[in-house]
Amino acid sequence: MAAAAMDLIDRIAQTNRWSRRHPAEKLMLGGGLLLLSLILPAIPAGPLVLLAAASAVLVGARVSVRDYLAILAAPLAFLALGAVVLAVSVQPDAGAPWLAASTDSIATAAAVTLRALAAVASLLLIVMTVPLTALLRQAHRLRVPAPIIEIAVMMYRFIMLAFGMAARGQQAQANRLGYRDIRRAIRSSGLLAATLLPRLLDRGRRMEIGLSTRACTGELRTLAPAVALSPAFLSGAVALHASIAAVTVAWVTLVPSPA
Amino acid sequence: MTVPGPEALIEAHDLHYTFAGGIPALSGVDFAVRPGARVALLGANGAGKTTVLLHLNGSLKPSRGTLRLGGEMAGYDRAALMRWRTRVGLVLQDPDDQLFAGTVYEDVSFGPLNLGLPEPDVHARVTFALEALGIADLAARPAHMLSFGQKRRAAIAGIVAMRPQVLLLDEPTAGLDPHGVGQLLATLDALAAAGTALVLSTHDVDLAYGWAETVALMDRGRIIAEGPPEAVLADDAALARAGLRRPLLIELAFQARAAGLTSAQPFPRRAADLAAWLRSAQIVGA
């Protein structure tokens, strides 16, 4: 499950319409929205940020609604559960305990959920539009020490290799009916996990030869073509942030608080 | 088997190598790569082809025997291996063993950067290599989002960008479709025309016959025959020993002769030559 979601996020990040844009542009857009969702009042900033982040992903980066919802489903389920817990309280009274929800608790639950949802959507905007490779390259520009980035690059490569091996292995087992019932499925996944580690270690050894044939000196330095930073995109992002903040301030001033 | 000459780029003499567990891999291999060579190292699975290639770029050290690079004895210290790999590039059989970086572009830049080239030169070499292999449009893709053929070409680009004098390719056509094989051979022709010496390992006798200028036939850790393809690949005894068969075109030529259709020489090297060969042979009844 988690592997499938990670694989899907990686595919989306690598292929969306914004994937070749400068990562700083998307970090700025998503980071700004995240900040707004945290500091502004959840109503009306929450829905506004959510709308902005979702439109950026769906309209701007052209991610399909289906993929977006598939990724959003897990945090959404988690948030829904949290909202119920916040809205409903258990009140042990004389006799049996009973459940209660007040207008106050429902308002709190709604505010917290909206804020969290807006924050998740902002974060997903970054995660789904910036390929990990571009993120690591940006980290290198920000002077994160090279060994840390090199380890991250290798981990990324090996995780993706492991996903591929696991998917092919599972397919091969399923072809021989290894998943026909729960007992066999558990056994098959165990066997698969056990073969994956030695195979990855073996792969690692062979990759060492592969690197050394290219005169590797112990460092994994690479170059990427330069990507231009778009002033139009950046000013658009700032304008969006400013208008969300302005609408929120106007709303808070003009609309009387229900309390 | 190989006459040692000062002009050889790499010269291996009496190489012996044993795998962990005592399984012999090479038992006395003599092999030389000369400038402009197009050598096919031909043999069945397990004959020792990959092990020879790994010796030729210093990835493995022979337990007995010697290797010379440009006439000088090969060293295995860090500096010597660095010089060695600058001159001799090896493309591994499984491209996933070679590709590690985030994107194809970054991966191809790895070798040239290790050579200590300035960044503008590295960019130029990466661009050249990606175009030579026809994968410029894949520059920004990560390795796990490439097809097998694309991975193979990315791995070759990573070595081509280092501009080695000798390019060793381990089973470069394995797993490629006919179109992919055609593209790869065209790229190899271009590299050969630019002066790169090429050695590829394969068990495909037809490929070796059509492509190579020299064929070295391997069996159980030895080179049992070496020479022009039309001689080596018509040597039935050696082929049988190596567990291989005649190339289809040689087989056809033999059949045509046996049937008294022709006695023309030499054998056609490519399918396209076959018609001309048959015409020149004045087939009876044609």
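1. Are the two faces of strand β6 (residues 88-91) of chain B buried or exposed? In this predicted model, both faces are covered. Val88(B) and Leu90(B) lie on one side, Gly89(B) and Val91(B) on the other, and all four count as buried, that is, under 20% relative accessible area. In a regular strand, side chains alternate between the two faces of the sheet.

2. The partner of β6(B) is strand β7 (residues 166-170) of chain B; the two run parallel and are joined by four bridges. One point of register can be given: Val88(B) has Val166(B) in β7(B) as its bridge partner.

3. On the contact between the chains: 37 residues of chain B touch 32 residues of chain A. An interface is often sized by the accessible area lost when its parts come together. For chain B and chain A that area is about 3,100 Å², with 60% of it on carbon and sulfur atoms.

4. Polar terms should be listed beside the area. Seven salt bridges are counted between chain B and chain A. One of them joins the side chains of Asp107(B) and Arg214(A), at 3.0 Å from N to O. Residue pairs in polar contact number 14, both members being at pLDDT 80 or more.

5. On the side of chain B that touches chain A, the elements giving two or more residues are α2 (78-87), α3 (104-114), α4 (119-132) and α5 (148-160) of chain B. The most come from α3(B), with nine residues. By class, this side of chain B holds 18 nonpolar, eleven polar and eight charged residues.

Key. Residues numbered from 1 in each chain as written. Chains lettered and ligands numbered in written order. Predicted model: local features only at pLDDT ≥ 70, side-chain atom pairs only at ≥ 80, totals over all residues. Heavy atoms only, no water. Buried < 20%, exposed > 50% of the residue type's maximum accessible area, 1.4 Å probe, protein only. Pairing = 2+ DSSP bridges. Contact = heavy atoms within 4.5 Å. Buried area = accessible area lost by both parts, 1.4 Å probe. Salt bridge = Lys/Arg side-chain N within 4 Å of Asp/Glu carboxyl O. Polar contact = N/O pair within 3.5 Å; in protein donor to acceptor, adjacent residues only side chain to side chain. Nonpolar A, V, L, I, M, F, W, Y, C, P; charged D, E, K, R; others polar.
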